[in-house]
Amino acid sequence: MEFTNPKLVINGISTEMNEMILRRHFSAYGEVKHVVVYAKKSIAFVTFVDPSKAQISLQQQHIILGRKVEVRPAKPKVEIGKRKIFVGGLPRSITDEEFKGYFEKFRSIVDAVVIHDKETKRSRGFGFVTYEAEESANLVLRTNFHLLNNKRVEVKKVTPRKEMVPTGFGFPPYYYDPYYQTYFYVFWVPIPGFY
C-alpha cells in the first residue's frame, strides 16, 4: 500500500531545538515543506513535500543535538463533524450502555455519550455519537427518527462551529465537546409534548 502521510511527529526533542535545526536534519531525506517546534513540550512536527520521503525517514534512527528522538507518523486531521450525529428526544431513563449499544448496530463507533445534568445527574434528553467512518453516520441519518427503548428519537447531523455561516438571526444552539475541543452546532429544538 502506498504511503500517503507526509507529516511526522518528533517526540523527545531538547529545549534548545529550533525550526532551522530540524529542517536541516530532515532535509537529508527530502524537501521539507513545514516545521513546527514546541520545545517546552518536547515535541515537533515535520511535513515533507513528498510522502515517500517521510516514509524513508521513519525507517531511520534519529539523533538530533546529541539526543535520540522518537519519530512516527502524525495522525492526519479528520472531519469529525461529518462522522458525528446528534440524537434528541432520548428517554430520561436511558443508560449510556443502552445508548451506545443501539448505535453500535450501525458499525464501529469512536464515542457515544448521553448528556447529563451536572446537578441531578439525570439525562438531559439528548446525546452525541461519533462513528469511525462517515458512511456509518450517513447510514444512521438516512432515517430522521429511530425507535430507542420504545421511544421515537430524532437524529441530526452535527456541524463544527468553524463551518457555520451566520444567518442574521443568530446561531443555533451549540455543544462544546471537550474531547475534540471544539463547538458543535445542532439543529434541534425540543417541542413540548412532542417527545
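This is a guided tour of a predicted model, going from one selection to the next.

**First selection: residues 43-48**

Begin with strand β3, residues 43-48, where five of the six residues are buried, so that the strand is largely enclosed by the rest of the structure. Keep β3 displayed and add strand β1, residues 7-11, which runs antiparallel to β3 and is joined to it by five bridges. To find the register of this pairing, select Asn11, whose bridge partner in β3 is Ile43.

Next add strand β2, residues 32-38, which is also antiparallel to β3 and is connected to it through six bridges. Here the pair to pick out is Val37 and Ala44, the latter standing opposite Val37 in β3. If you follow the backbone from β2 into β3, you pass through a hairpin with four residues between the strands, and in that turn Ser42 has a positive phi of about 60°.

**Second selection: residues 145-157**

Move now to strand β10, residues 151-157, together with strand β6, residues 84-88; these two run antiparallel and are joined by four bridges. Within this pairing, Gly88 has Glu154 of β10 as its bridge partner. Strand β9, residues 145-148, can then be added, since β9 is likewise antiparallel to β10 and linked to it by four bridges. The two strands β9 and β10 form a hairpin with two residues between them, and Asn149 in the turn has a positive phi of about 55°.

Stay at this hairpin and select Leu148, which belongs to strand β9 and stands opposite Lys151 in β10. Is Leu148 buried or exposed? Its relative accessible area is 3%, and because the cut-off for buried is under 20%, Leu148 counts as buried. Once neighbours within four places in sequence are left aside, the residues in contact with Leu148 are Leu90, Pro91, Ile94, Glu98, Phe99, Tyr102, Phe103 and Val153. From this group, label Leu90: the C-alpha atoms of Leu148 and Leu90 lie 7.7 Å apart in space, although the two residues are 58 apart in sequence.

**Third selection: Ser136**

Go next to helix α4, residues 134-141, and pick Ser136 within it. Ser136 is buried, with a relative accessible area of 3%. Showing the side chains around it, and not counting residues up to four places away in sequence, you will find that Ser136 touches Phe106, Arg107 and Tyr131.

**Last selection: the salt bridges**

How many salt bridges are there to display? The count comes to three, and each can be selected as a pair.

- Glu19 and Arg23 meet through their side chains at 3.4 Å, N to O. Because they are four residues apart in helix α1, residues 19-26, about one helical turn separates them. Glu19 is partly exposed at 39% relative accessibility, and Arg23 is partly exposed as well, with a relative accessible area of 27%.
- Glu70 forms a salt bridge with Arg72, and the closest N and O atoms are 3.5 Å apart. Glu70 counts as partly exposed at 42% relative accessibility, while Arg72 counts as partly exposed at 35%.
- Glu154 forms a salt bridge with Lys156, with 3.3 Å between the closest N and O atoms. Glu154, already met as the bridge partner of Gly88, is buried with a relative accessible area of 11%, whereas Lys156 counts as partly exposed at 28% relative accessibility.

Key. Residues numbered from 1 in each chain as written. Predicted model: local features only at pLDDT ≥ 70, side-chain atom pairs only at ≥ 80, totals over all residues. Heavy atoms only, no water. Pairing = 2+ DSSP bridges. Buried < 20%, exposed > 50% of the residue type's maximum accessible area, 1.4 Å probe, protein only. Contact = heavy atoms within 4.5 Å. Salt bridge = Lys/Arg side-chain N within 4 Å of Asp/Glu carboxyl O.
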